[in-house]
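Student: I have a two-chain model open and would like to test the words people use for it. Could we go through them one by one?
Tutor: Gladly; let us look at it together.

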Amino acid sequence: MSSVETTDTLKNVRAISTVLYWVCAIAIIFQFLVVPLVWYAPGWVEASTSQMTVSLGDLHALSGWQKYVTMTVMMIPSLVLAYGLYRLRKMFGAFAQNAIFQTEPIRHLKAFGIALMAQTLIKPLTGAATSVLATFHRPAGERVLSIGLSNAEASTLFLGGLIIVIAWVLGEAARIDDENRSFV
Amino acid sequence: MGIIVRLDVMLATRKMKSKELAARIGISEQNLSLLKSGKVRGVRFETLSAICEELECQPGDLLEFQPD
């Protein structure tokens, strides 16, 4: 590859990374808004409620401490993913600053992969806790413990694992790049 | 490290400045300075060959091993 092509490729990497840096910011904001939106604008997120372990009716019937605790528990996976997206945003920020084969952005990518896997593993647990909290006010015998698992979780776990392995390989690439740079 | 770089001695013998050698062999002055001070992890054969050609010397004239 000629140096002109390399410069053009790096220019494109910087440009795309700048765009993705801001896309991550929007995604982080969305993660903070998704649970309140489920709560306060159910029609808007109707399509995304198919994997919820409790009905929207049960959620809206909640009041007092149960409402806030349920909302907090429901937000845990979103907060974990928001942290992962924050690290991904930092990685794109580094790429935009031309820090490509460096250990720091690669650490951010690895953290994103871990956050993605953690979020996927936490989701069924918080879903189960949400179902218990949401039906807590019902009489005995009508309370529900519901665990939701789907193919999407398996795919996300696979994706998270893939990202961690890619980050690992990139870490080795960064080490080799560092070694090459110390050769004259 | 037991390897001593004798490039500065060779440059003085040949009355050539670092800047000139760097330009002739196509590496930056900064990298040549690092090489002169021995602050590099390695030297490419390509660089070593270019230096030897410009200074009309052998690799052994540029590098010396001193046991610790």
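Student: What share of the 68 residues of chain B counts as buried?
Tutor: It comes to 10% of them. Keep in mind that this is a predicted model. A residue is called buried here if 20 or more other C-beta atoms lie within 10 Å of its own. For chain A, buried residues make up 26% of its 184 residues.

Student: What makes K15(B) exposed?
Tutor: The cut-off for exposed is 12 or fewer C-beta atoms within 10 Å. K15(B) has 7 others in that range, so it is exposed. You will find K15(B) in the loop between α1 (7-14) and α2 of chain B. Its phi is near 55°, a positive value in a residue other than glycine.

Student: How do you know that E56(B) is exposed?
Tutor: By the count of its neighbours: 9 other C-beta atoms lie within 10 Å, and the limit is 12 or fewer. E56(B) is therefore exposed. This residue sits in the loop between α4 (45-55) and α5 (59-62) of chain B. Phi of E56(B) is near 50°, again positive in a residue other than glycine.

Student: Why is A22(B) called partly exposed?
Tutor: Partly exposed is the class between 12 or fewer and 20 or more. A22(B) has 17 C-beta neighbours inside 10 Å, so it belongs in that class. The residue lies in helix α2 (residues 18-25) of chain B. Leaving out residues up to four places away in sequence, A22(B) touches I27(B), S28(B), E29(B) and L32(B). With L32(B), the separation is ten residues in sequence and 6.4 Å in space, C-alpha to C-alpha.

Student: And why does L62(B) count as partly exposed?
Tutor: Because L62(B) has 19 C-beta neighbours inside 10 Å, while buried needs 20 or more. L62(B) is part of helix α5 of chain B. Apart from residues up to four places away in sequence, its contacts are V5(B), R6(B), L7(B), M10(B), I51(B) and C57(B). L62(B) and V9(B) are 53 residues apart along the chain, yet their C-alpha atoms are separated by 8.3 Å.

Student: How do you know that the radius of gyration of chain B agrees with a compact globule?
Tutor: For 68 residues, a compact globule would have a radius of gyration near 11 Å, and chain B has 11 Å, so the two agree. Its C-alpha atoms fill a box of roughly 35 × 20 × 20 Å along the principal axes. In order from the N terminus, its elements are β-α-α-α-α-α-β.

Student: What does the globule rule give for chain A?
Tutor: There the numbers part ways: a compact globule of 184 residues would be near 16 Å, but chain A has 21 Å. The C-alpha trace of chain A spans about 75 × 25 × 25 Å along its principal axes. Chain A has five helices and zero strands.

Student: How do you know that the span of helix α4 of chain A agrees with its length?
Tutor: At 1.5 Å a residue, its 32 residues (103-134) should span 46 Å, and the end C-alpha atoms are 44 Å apart, which agrees. Even so, α4(A) bends by about 30° at I122(A). A proline, P124(A), follows within four residues.

Student: Which residues have the most contacts inside the largest nonpolar core?
Tutor: They are L88(A), M91(A), L109(A), F112(A) and A115(A), in a core of 19 residues. Helices α3 (64-96), α4 and α5 (151-181) of chain A each supply at least two residues of this core. The most come from α3(A), with nine residues. Not counting residues up to four places away in sequence, L109(A) touches M91(A), I163(A), A167(A) and L170(A). A second, separate core has eight residues, including V184(A), L21(B), L35(B) and I51(B).

Student: How many residues of chain A are in contact with chain B?
Tutor: Four, and they are in contact with ten residues of chain B. On the chain A side, the classes are two nonpolar, one polar and one charged.

Methods: Residues numbered from 1 in each chain as written. Chains lettered and ligands numbered in written order. Predicted model: local features only at pLDDT ≥ 70, side-chain atom pairs only at ≥ 80, totals over all residues. Expected span 1.5 Å × (residues − 1). Bend = angle between axes of the 7 residues up to and from the residue. Core = buried A, V, L, I, M, F, W, Y, C linked by C-beta atoms within 7 Å. Contact = placed C-beta atoms within 7 Å. Nonpolar A, V, L, I, M, F, W, Y, C, P; charged D, E, K, R; others polar. Rg over C-alpha atoms; globule rule 2.2 N^0.38 Å.
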